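Please open the structure in your viewer and keep the selection tool at hand, since this tour moves from one selection to the next. At each stop, make the selection before reading what is there.

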Amino acid sequence: MHAMVLTAPGAPLRLQERDDPVPEAGAVRVKIDACGVCRTDLHVVDGELPDICYPIVPGHEVIGRVEELGPGVTALRVGERVGVPWLSHTCGECAYCRSGRENLCDHPLFTGYTRDGGFATHLVADARYCFPLGEAGDDVALAPLLCAGLIGWRSLVLAGEGKHLGIYGFGAAGHIIAQVARWQGRAVYAFTRAGDVEAQRLANSLGVDWVGESGQRPPMPFDAAIIYAPVGALVPQALRAVRKGGRVVCAGIHMSDIPSFPYSILWEERQLLSVANLTRNDGIEFFKIAAQAGIKTHTTAFPLREANEVLSKLRSGQITGAAVLQP
């Protein structure tokens, strides 16, 4: 197998040849066909997340086919197409797991962060955390659904059922969840970084109700806003944009520092919430919704060996929609 390997914080990924991994009990080896590139991969590469054990292979939006079953695996079969998401293992014993909140597990493992991920030709994954995907849909188009879609869905649920929704950061997650929200009958207001004409064009093509730059004042108060961009300065802006009793959901795993803001923009029972990881039930729910809503992802495919260049493009805002690597 081959993998793009991170050996130190901020180091360029190195293409390495390795022995094919052997799945342990309860695991499967997956031959990877596509892996989406997520902003969280940037946080891993840049060393912004704690407790990274090097070397590590990033990537957690994996589409592939089961190539070998480890001992005891009966729920999947060789040749079956699966998705491998960010959450790759939970302990099943802590208070969070026992209460149906495995996304907050005290002893989790994460694909592409604490175990090797999808910037490779193969990986080993816990079979219980793989999603069977069937044969409908293109591998590249499906890949962003494994994180941008799943975390986007969890953030949308957490935002509540309000009819007017603001989305800050119109990239991989934003363009997916805008489609879900529109299908649900909501009005969607999209915010992009200043001068990002391509993201604004994408938002307009998806039929959102209003498009503006992140510093602009929206045309009306929102019931809720979701922040996908990892920019702490957007939090006060979003709080000012939601109505009394509205919610602001921070959907990223990492965000720059939130600047101080007056209590008055949080008062009147506005809520500021964060999303952490996902549960397997989120995946079950979301993939049903994705099929019903007819989500179409805007993707650009790149060869695996160009992972460093793709990460640089993502960092500088040169990716519209989602980037996907293919071996």
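Select Cys105, which sits in the loop between α2 (95–98) and β7 (109–110) of this predicted model. Is Cys105 buried or exposed? With a relative accessible area of 7%, Cys105 falls under the 20% limit and therefore counts as buried. Now add Ile176 to the selection and draw a line between the two C-alpha atoms: Cys105 and Ile176 are 71 residues apart in sequence, and the line spans 27 Å in space.

**The loop between α1 and β4**

Next, go to the loop between α1 and β4 (61–69), where you will find Pro55. Select Tyr54 together with Pro55 and look at the peptide bond that joins them, which is cis, with an omega of about -5 degrees. Asp51 lies in the loop between α1 and β4 as well, and although Asp51 is not a glycine, its phi is positive, at about 60 degrees. Asp51 has a relative accessibility of 67%, which is over the 50% limit, so this residue counts as exposed.

**A second positive phi**

Move on to Asn277, in the loop between β15 (271–274) and α8. Asn277 is not a glycine either, and its phi is positive, at about 60 degrees. Is Asn277 buried or exposed? Its relative accessible area is 14%, which is under 20%, and so Asn277 is buried.

**Helix α4**

Select residues 148–159, which make up helix α4. This helix has twelve residues and reaches 16 Å from its first C-alpha to its last, close to the 16 Å expected at 1.5 Å a residue. How many of the twelve residues of α4 are buried? Nine of them are, so that the helix is mostly covered. If you colour the buried residues, you will mark Ala148, Gly149, Leu150, Ile151, Gly152, Trp153, Ser155, Leu156 and Ala159. Step just past the end of α4 to Gly160, which takes a positive phi of about 90 degrees.

**The largest pocket**

Now turn on the surface display and look for the largest pocket, which holds about 830 Å³ of space. To find its centre, select Arg39, Ala172, Tyr228, Ala229 and Pro230, which are the closest to that centre of the 45 residues in the lining. The elements that give two or more residues to this lining are α1 (39–45), α4, α5 (172–183), β11 (187–192) and β17 (322–326), so the helix of the previous stop appears here again. If you colour the lining of the largest pocket by class, you will see 26 nonpolar, 15 polar and four charged residues.

**The second largest pocket**

The second largest pocket contains about 300 Å³ of space. Its lining has 13 residues, and those nearest its centre are Ala136, Leu142, Leu145, Ala290 and Ala291. Two or more residues of this lining come from each of α3 (139–142) and α8 (280–293). Which element gives the most to the lining of the second largest pocket? That element is α8, with three residues. By class, the lining of the second largest pocket consists of nine nonpolar, three polar and one charged residues.

**The largest cavity**

Select Val84, Ser88, Thr111, Arg115, Asp116, Leu123, Val124, Ala125 and Asp126, which together line the largest cavity. The volume of this cavity is about 30 Å³. Strand β8 (residues 122–126) gives the most to its lining, with four residues. Sorted by class, the lining of the largest cavity has four nonpolar, two polar and three charged residues.

**Strands β16 and β17**

For the last stop, select strand β16 (residues 299–303) along with β17, and switch to a cartoon view. The two strands run parallel and are joined by five bridges. Pick Phe302 and look across to β17, where its bridge partner is Leu325. Then trace the chain from β16 through helix α9 (residues 307–315) to β17, a β-α-β crossover that is right-handed.

Conventions: Residues numbered from 1 in each chain as written. Predicted model: local features only at pLDDT ≥ 70, side-chain atom pairs only at ≥ 80, totals over all residues. Heavy atoms only, no water. Expected span 1.5 Å × (residues − 1). Buried < 20%, exposed > 50% of the residue type's maximum accessible area, 1.4 Å probe, protein only. 1 Å grid on protein atoms, 1.4 Å probe; cavity = no way out; pocket = protein on both sides within 12 Å on 5 of 7 lines; lining within 4 Å. Points joined across faces, edges and corners; volume = space filled by probe spheres on them. Nonpolar A, V, L, I, M, F, W, Y, C, P; charged D, E, K, R; others polar. Pairing = 2+ DSSP bridges. Right-handed = clockwise from strand over helix to strand, strands pointing away.
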